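This report describes the fold of a two-chain model, starting with the chains and ending with the packing of helices. Please keep the sequence and the structure in view while reading.

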Amino acid sequence: MNARPDSGELHHEGPAVALLVEAVLENVAEAITVVDASGRTVFANRAALELLGLESEAELTQAEPGEIMSRFLVLDETGAELDLASMPGRRLFDGEPAIPLLVRNIVRATGEERWFVVRASPIVDPESREVLYAANVFENVTQVKRAQLAEAFMAQASRVLASSMDYNETLQRIARLAATQIAECCAVDVLGERGQLERVAVDHADPDKLALVEHLDRSYRPALDEPLGVPEVIRSGQAKIYRGITDRSLAAYARDSNHLELLRSLRARDVIIVPLAAPARTLGTITLVSSNTGRRLTEADLDLAVRLGRRAGTAVESARLYTERAHIAHSLQRALMPYSLPEIPGFELAASYRAAGELNEVGGDFYDVYPSGAEHWVLVIGDVCGKGPDAAGVTALARHTLRTASMFDPSPATMVRTLHRALLQQLPGQQMCTVCVVSVGAPRGTATLRLALGGHPQPLLIDSGGRTYAVGEPGTALGLVEPINVTETAFELHPGETLLLYTDGVPETWRSRFEHTSPLMRLCEGAPGQALSELLAGIESAALASAAGAPRDDMALLGLRLASTRAR
Amino acid sequence: MATYEQLRIATRTTPDRVVLELDGELDMVNSPLLRDACAGSDVAGSATLVLDLRRLSFIDSTGLKAIFSARNESRRRGQQFAVTPGSQQVERLLSVTRLGEHLRTIATPDELLV
């Protein structure tokens, strides 16, 4: 027997119907209550008694209105506390429509969280049309809602993780998400390079507690050989959930009385620790803590945390590999270029280089400047077909072959032919490379330069009036066909004149405008009034702008200017 | 960012030759398409392979390498190999690299090879 309305409205058609209604109500899964205008519950079916955590009808009928409800925290979807007056059943008595409401309900005593859709319909006096009772139906949607929230959380977390390669930043955002949506506190620890634990992200819904959590970590960071907690999960790779942490277990875990005090003031009730799992190894852990004021952590939360740990672990591992690759590419690239340009007395020298694409790709363009015998220097610019490690290997071969060749015979044409033979010998017909080799003697008023091209665009000679001339005879690209045709050209550089060597990537940025070298030539018109490095920087930025910041090929520039007599 | 035109390759077979019509851009990203097209059985079985470059708007050094791989493979099979002229940019690169001198060039893809 349950509490029932004492007026006859529910069974005005006779006791047989009333019994039938009661039998039906007892067997529906939804919790159903009937409340009068004073707020007193006059009927509750078995499911409703279970929902309210009551053993019998007596508890309900003897309770003061509001007393039962005070055992629950009733929140709306956003987590804001709900005024009972806004519940659909109460609205009926105020003559308002009862709009179904999604309610988050937390049992204060246990921290259990439930979600309900609450609907209400009026029981009206047939004559006066007055609302006598509100019949409330509570549909438990906890499972559906949890699954929905878990999916929404994972989607949000995935977006955050994909947003940046800076994993310290993304993990901090993940900690914030988890500390607001799953538990109150979330901390991420990773295994550092020297095998020590490092806290990389932490957040707590309560700022005061956050300071406490940070203090705890600084003072009592666990050592890796400790039997429980984070070290245990790192060793085993298995997630752990500790529900209902007792003071005794805290005392057993604490290293000293101060540690115990700190742990106690955290008021942790449930703890989940999951591995930050990359495909092949455990990188660290994600720890979630709920305190005794919030909701309990469940097995469903554990599943969600395990998924989060896998997703985040994979993202961290990719970020690490990406950074590592970028570092390797950067070191390799540096090794393929001269660390600094040598001083050539009487000349100004400048170079610029910009690899296209992502920062972890090694470019195929290269340049080099080095002395070759007394008062004699060699300038090289080249372009190896392709990108990445294969191209880097050929670049290294080209650079060092040319350096060695210049020791035996400093003639640019001989050096170019030697490189061609080396490419054919080592990578027959597989690698193509273009080069421009210039040899420079010490200036005697003017300077004599000798130049040979192997498939490379002709460099530009810029005179003191800003006029440009392509110099050198086109030669065959190296490494691909036999025989090659390479011609050596000699020319004079006068004081104030500039020789500009470039790779195809530079003029190519203008190709969509049906122009090729002419924009480059226009930029060179200003050369006489500019320092050489300014000229190169101006060309590079104009080319970049023309390619909208994303050139599809590498760009290298190398400039040599004979100082004007006045300046010397 | 520049819009990267893609490459389409159409294969046309006549009694005496296979013509691969390259339409678009031949660069590092899509030069494997040319390699795949050349590996087709209809290409291998023909006496002559012609790469029709008249609709090729752009080529880079990787693209040049791909054309010479096709030429070398074709020679190895004992085929005749020829190309038609490409866009201004294609012709410019062939002339700067002097690789054009190593290709047999015909004005139209069906021109007789003697």
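The text below takes the chains, one sheet of chain A, and two helix pairs in turn.

**The two chains**

The model is predicted, not experimental. Chain A has 568 residues, of which 37% are buried. Its secondary structure comprises 16 helices and 21 strands. In chain A, 62% of the contacts between residues at least 6 apart in sequence join residues at least 24 apart.

Chain B has 114 residues, and 39% of them are buried. Chain B contains 4 helices and 4 strands, arranged along the sequence as β-β-α-α-β-α-β-α. For chain B, 72% of the contacts with a separation of 6 or more are between residues 24 or more positions apart.

Where the chains meet, chain A contributes 24 residues and chain B contributes 18 residues. The side of chain A that touches chain B is made up of 10 nonpolar, 9 polar and 5 charged residues.

**A five-stranded sheet in chain A**

In which order do the 5 strands of the open sheet in chain A lie? The order is β8-β7-β11-β10-β9, and the pairing is antiparallel. The edges are formed by β8 and by β9 (240–242) of chain A, each of which pairs on one side only. From one strand to the next, the twist averages 15 degrees.

Strand β7(A) covers residues 185–191, and 6 of its 7 residues are buried. On one side, β7(A) pairs with β8(A), residues 197–204, through 7 bridges in the antiparallel sense. Within this pairing, L191(A) is opposite L197(A) of β8(A). The two strands form a hairpin with 5 residues between them. G195(A), in the turn of that hairpin, has a positive phi of about 75 degrees.

β7(A) is also joined to β11(A), residues 282–291, by 6 bridges, again with the strands antiparallel. Here C185(A) is opposite V289(A) of β11(A). β11(A) in turn pairs with strand β10(A), residues 268–277, over 9 bridges in the antiparallel sense. One of the bridge partners in that pairing is S290(A) of β11(A), which is matched with D270(A).

Two helices lie across this sheet. α6(A) crosses β7, β8 and β11 of chain A and runs at about 45 degrees to β8(A). α11(A), residues 299–335, lies across β9, β10 and β11 of chain A, at about 35 degrees to β10(A). β11(A) is therefore listed under both helices, α6(A) and α11(A).**Two helix pairs in chain A**

Two packed helices are described by the angle between their axes and the distance between the axes. The table gives these values for two pairs.

| Helix pair | Angle between axes | Distance between axes |
|---|---|---|
| α5(A) (residues 142–163) and α6(A) (residues 167–181) | about 165 degrees | 9 Å |
| α12(A) (residues 388–408) and α13(A) (residues 412–426) | about 135 degrees | 9 Å |

How are α5(A) and α6(A) oriented to each other? With an angle of about 165 degrees between them, α5(A) and α6(A) are roughly antiparallel. α5(A) passes α6(A) in a right-handed crossing. On the α5(A) side, the contact is made by F153(A), Q156(A), A157(A), V160(A), L161(A) and S163(A). On the α6(A) side, T170(A), R173(A), I174(A), L177(A) and Q181(A) take part. By class, the contact of α5(A) with α6(A) has 6 nonpolar, 4 polar and 1 charged residues.

The pair α12(A) and α13(A) packs at about 135 degrees, which makes α12(A) oblique to α13(A). The cut-off matters here: an angle has to be over 145 degrees to count as roughly antiparallel. The crossing of α12(A) and α13(A) is right-handed. From α12(A), the residues in contact are L397(A), A398(A), T401(A), L402(A), A405(A) and S406(A). They meet T414(A), M415(A), T418(A), L419(A), A422(A) and Q426(A) of α13(A). The contact of α12(A) with α13(A) comprises 7 nonpolar and 5 polar residues, with no charged residues.

Note on methods: Residues numbered from 1 in each chain as written. Chains lettered and ligands numbered in written order. Predicted model: local features only at pLDDT ≥ 70, side-chain atom pairs only at ≥ 80, totals over all residues. Buried ≥ 20, exposed ≤ 12 C-beta atoms within 10 Å, placed from the backbone. Pairing = 2+ DSSP bridges. Axes fitted to C-alpha atoms, helices over the stretch in contact; angles between N-to-C directions. Parallel < 35°, antiparallel > 145°, perpendicular 65-115°, else oblique. Left-handed = near helix turned anticlockwise from the far one by under 90°. Contact = placed C-beta atoms within 7 Å. Nonpolar A, V, L, I, M, F, W, Y, C, P; charged D, E, K, R; others polar.
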